[in-house]
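Hi,

Here is the structure I promised to pass on. Have a look at it first, and my notes follow underneath.

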Amino acid sequence: RCSLRDGREAGDVGIDAYVAIADRRPDWDLFIVGDGPLRKFLEARVPARLKHRVTFAGFIDKQDVVNAIYHQCEVLVHPSNKDAWGVVLLEASAAGLAIVTTPVVGASPEFVADHESGRLFTAGDRKGLTDALMEVTDPANTARFQAASKALSDRFRRESDPVANMKRALEFIGVRG
């Protein structure tokens, strides 16, 4: 339900995949967060019959607004061609969203267990993204994907707790017992 994109091809792929599933998923809308010089081009790619179901929110720099958006969505789609980390995956997972993204996003191994908490597809692969969206938006699957995504976020938070890790390191070197 949410798509964050970078670049023309990633935006094209995301919109094309949504258009491909829209008739089979009439209850699903697309909410696009982000802005840039390609926005008008991407807006023009949305067929007239679907314009009322696609929202281009633009750039949002207020974290409380971003969090509110996440909590209104069920799936985050991040069809990135390049993203060294992808903080949006952390945020979406913490909000309990199923995640559909590409393996080029640095955080994808931590936050997407393919076919469990979300789906991975090859960057630029329209059919791969369409298939992934059909799977995660299937009413029989969405809640399962969301729960697994939240569980991955909780595990990541526990395992990356800096205070707990510092205590373990101090215990390991014998400074704290």
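By salt bridge I mean a side-chain nitrogen of Lys or Arg within 4 Å of a carboxyl oxygen of Asp or Glu. Keep in mind that this is a predicted model, where local features need pLDDT of at least 70 and side-chain atom pairs count only at pLDDT 80 or more, while totals for chains, interfaces and linings use all residues. Residues are numbered from 1 along each chain as its sequence is written, and side-chain values use heavy atoms, with hydrogens and water left out.

Salt bridges to begin with. A search of the whole structure turns up 15 of them. One joins aspartate 35 to arginine 39, with the closest N and O atoms 3.5 Å apart. For exposure I use relative accessible area: buried is under 20%, exposed is over 50%, and partly exposed is in between (1.4 Å probe, protein chains only). Aspartate 35 has 47%, so it is partly exposed, and arginine 39, at 22%, counts as partly exposed too. There is also a network of salt bridges that links Asp12, Asp16, Arg45 and Arg126.

Two more sit in α7 (142-159). Helices and strands here are DSSP runs (H or I, at least four residues, for helices; E, at least two, for strands), numbered from the N terminus. Arginine 157 pairs with aspartate 154 at 3.5 Å, N to O; the two lie 3 residues apart in the helix, about one turn. Arginine 155 meets glutamate 159 at 3.6 Å, N to O, and because they are 4 residues apart in α7, about one helical turn separates them. As for exposure, arginine 157 is partly exposed at 45% and aspartate 154 is partly exposed at 27%. Arginine 155, at 32%, is partly exposed, and so is glutamate 159, at 49%.

Now α7 itself. This helix has 18 residues and spans 26 Å from its first C-alpha to its last, close to the 26 Å expected at 1.5 Å a residue (the expected span being 1.5 Å times one less than the number of residues). Its buried residues are Thr142, Phe145, Gln146, Ser149, Leu152 and Ser153. Looking down the axis, they fall within an arc of 120°, so they line one face of the helix; the arc is that of the directions from the helix axis to the C-beta atoms. The face turned away from the buried side carries the exposed residues Ala143 and Arg158. Among the elements covering the buried residues are α4, β5 (98-101), α5 (108-111), β6 (118-120) and α6, where contact means heavy atoms within 4.5 Å.

Just ahead of α7, in the loop between α6 (126-136) and α7, is alanine 140. Alanine 140 counts as exposed because its relative accessibility is 63%. From alanine 140 to arginine 158 is 18 residues in sequence and 29 Å in space, C-alpha to C-alpha.

Last, the cores. A nonpolar core is a set of buried Ala, Val, Leu, Ile, Met, Phe, Trp, Tyr and Cys residues joined through side-chain atoms within 4.5 Å. The largest has 17 residues, and Tyr70, Leu76, Leu89, Ala92, Leu97 and Ile99 touch the most other members. Two or more residues come from each of α3 (63-72) and α4 (87-94). A second, separate core has 15 residues, including Val75, Val77, Val100 and Met134. Leaving aside residues up to four places away in sequence, leucine 89 touches Leu76, His78, Ile99, Thr101, Val105, Ala107, Ser108 and Phe111.

Cheers
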